[in-house]
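Here is a short set of exercises to work through with the model open beside you. Try each task before reading its solution.

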2 protein chains.
Amino acid sequence: MLVSQLETPALIVDLDVLEQNQRRMMELLRPLGVALRPHYKSHKCTAIAHMQIAGGAKGITCAKLSEAEDLIQSGIEDVLIANQVVEPAKVMRLGYLAGCCRLSVCVDTLENIRQLEAAAAAFGSTIHCLVEYDIGMRRCGITTVEEALVLTKAILDAPHLSFMGIQAYAGQLSHEEDFGVRSGEAAKFEGQLRELLSFFRENGVEVAEVSGASTGTVELRKEGTVYTEVQAGTYLFMDGAYDRVGAGFEHSLFLLSTVVSTTEGRVVCDAGLKTLGTDQGAPVFVDFPTAPVNMSEEHCTAHCESHCKVGEKLMLIPGHCCTTVNLFDQLYLVRGGRVVDRVPVTSRGKSR
Amino acid sequence: MLVSQLETPALIVDLDVLEQNQRRMMELLRPLGVALRPHYKSHKCTAIAHMQIAGGAKGITCAKLSEAEDLIQSGIEDVLIANQVVEPAKVMRLGYLAGCCRLSVCVDTLENIRQLEAAAAAFGSTIHCLVEYDIGMRRCGITTVEEALVLTKAILDAPHLSFMGIQAYAGQLSHEEDFGVRSGEAAKFEGQLRELLSFFRENGVEVAEVSGASTGTVELRKEGTVYTEVQAGTYLFMDGAYDRVGAGFEHSLFLLSTVVSTTEGRVVCDAGLKTLGTDQGAPVFVDFPTAPVNMSEEHCTAHCESHCKVGEKLMLIPGHCCTTVNLFDQLYLVRGGRVVDRVPVTSRGKSR
């Protein structure tokens, strides 16, 4: 089957480009001795997680317990939930899952550490903990080295928890378009983390892992970086938002759409807010890259002159790959214009 | 089970309020002799479509063929696809489905009319057609009464098509916050449509239905309106965007979320861009209605002082109900704080 024979809207992954992006990421990280623990949130597809592991990733990062469950049940054996899990029934399930693989989670309160210890004890498992250190994102995490040490000591004291290290994600920086600002801020955060590591060392605590970073900051990592793991996700697909950052990866994710109306000065397609995540900007039409685009729920309009006809198929680059993938139940994998497989978006809608 | 015992994020529908909104809509429309053909896009849930039919709706409007299929297979017998269907395999399926119930669709080109006739002929069915007249939305539809008449005559000449009337949806007006502007523009469009009806009458063509309008304009309809059907959808749930328009319906849709972090000046919850449609604005925390809110993929932060604790559950009003519902596989139906049913979002992700 040809890509052009798919009914639309259809979400398409170009496997040749995806594989090239995976290789490029490993080429960037290997010389630094930094591991890749790619973020599942960008594809939510266990088939692709396996490709990442085969391509050199150490394990997988995810956002929610329900995603971790999907990964573990698909045979991924090293999973990090890069957030706090606080609801009692979820914490208990986490304790169970930690007995099935190497499972890590972020913590930022003593109360949560107590909950996790009780859950792991109930199942005789070990939960690996990363202390989340807020380096300016102002979301979760603690903000002082002293608090970080208090939490770390509580983890070290808990018989069923293991101290894995520090989670430090500067999400506010990922999409900073000015390279100078991005680079300067990243260096500042590395400095902050280095201070934390010295403070820990002075207090007799070794930190095995510093996990974080994104597609937008991976190029900024230099020899001697404090990060031991990079949690980038978008590098594999790329999108309109990361294009503006110029991260050097290529587009492998496209939305195939059908023209439903044409008029002087506009082309209207059958894909809208229910098939394209626009929280980081509108999609870009591959054939009209500079055309202004506006969206409604099921339509997308490019304002430009064209020779398009109703029924013609057009490709779009999503503004944000992660929120786009989360709208689809399946992805079409293609090579050279042919469909070679269809895989489920395993964890679509898994936000618990 | 209590609502507060649900794991989060969970999408909640307050049935008492939903039923009250349905009654209010019928009270607004009945005196005008205008029928309700509510838009499925707001809930995508066949169980709720049946409630609307039981509550006085004439039939259901939807956006896509795949939604129409779900409605028809759920026993809804009068379905309008308020868009053009142009892909050849879809047009053929439409011809088949038109033999299973009263199925209507919008058209705006002669070529599409020819396709529809061929499909209906192949199955010996009748497809009901609405000519889409663009009253300023600048998306699909024709823009002159002469073109409308040409299309209508082509429909009347096609043995397997039936001319149902005119589709005229002023989507650009639905969220206009200034009542004066909204009211003036709505009156102007009614005038345009009246001219079209006169022109058709002079040419010997009677128009049975004028279908369109939204939650935001339903209150503007007066006795003698040209509209015979209203396609409102949001009235049933309401959301942050329609609040600003003040349409007079109450909120029945809420997102239940858990606090995962608190700090001086902020409360962070476990619901983000993957559980809340933000294309018409951020969600509103019921407990902190004036707090500025920012969002990331799996988090939502209210900037305010509070006594919230980690693990506490909070309710949010989605910024846009339609794109929020499309993120969830199920809705919890509640009365007085108790869960009374869980229904699938039948057509979640059905964008074909």
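**Exercise 1. In which loop does R138(A) lie, and what is the sign of its phi?**

Step 1: R138(A) sits in the loop between β6 (127–132) and α6 (145–157) of chain A. Helices here are DSSP runs of H or I with at least four residues, strands are runs of E with at least two, and both are numbered from the N terminus.

Step 2: The phi of R138(A) is positive, about 55°, although this residue is not a glycine. Most residues other than glycine have a negative phi, and most peptide bonds are trans.

Step 3: R138(A) counts as partly exposed because its relative accessibility is 46%. Buried means under 20% relative accessible area, exposed means over 50%, and partly exposed lies in between (1.4 Å probe, protein chains only).

A word on the source: this is a predicted model, in which local features need pLDDT of at least 70 and side-chain atom pairs count only at pLDDT 80 or more, while totals for chains, interfaces and linings use all residues. Residues are numbered from 1 along each chain as its sequence is written, chains are lettered from A and ligands numbered from 1 in the order in which they are written, and side-chain values use heavy atoms, with hydrogens and water left out.

**Exercise 2. Is K44(A) buried or exposed?**

Step 1: Find K44(A) in the loop between β2 (35–36) and α2 (46–54) of chain A.

Step 2: Its phi is near 50°, a positive value in a residue other than glycine.

Step 3: K44(A) has 1% relative accessibility, so it counts as buried.

**Exercise 3. Which peptide bonds at P9(A) and P9(B) are cis?**

Step 1: In chain A, the cis bond joins T8(A) and P9(A), with omega about -5°. P9(A) belongs to the segment before β1 (10–14) of chain A.

Step 2: In chain B, the bond from T8(B) to P9(B) is cis, with omega near -5°. P9(B) is in the segment before β1 (10–14) of chain B.

**Exercise 4. Trace the open sheet in chain B and place β5(B) in it.**

Step 1: The sheet has 8 strands in the order β2-β9-β8-β7-β6-β5-β4-β3, with parallel pairing. Its edge strands, β2 (35–36) and β3 (60–62) of chain B, each pair on one side only. Two strands pair if DSSP finds at least two bridges between them.

Step 2: β5 (residues 102–107) of chain B pairs with β6 (residues 127–132) of chain B in the parallel sense over 4 bridges. Here C106(B) stands opposite L130(B) in β6(B).

Step 3: β4 (residues 78–81) of chain B also pairs with β5(B) in the parallel sense, over 4 bridges. S104(B) in β5(B) is the bridge partner of L80(B).

Step 4: β5(B) is largely enclosed by the rest of the structure, because 5 of its 6 residues are buried.

**Exercise 5. How many helices and strands does chain A have, and what are its overall dimensions?**

Step 1: Chain A has 9 helices and 17 strands.

Step 2: Its C-alpha trace spans about 70 × 45 × 35 Å along the principal axes.

Step 3: Of the 352 residues of chain A, 60% count as buried.

Step 4: Among contacts in chain A with a separation of 6 or more, 69% come from residues 24 or more positions apart. Contact means heavy atoms within 4.5 Å.
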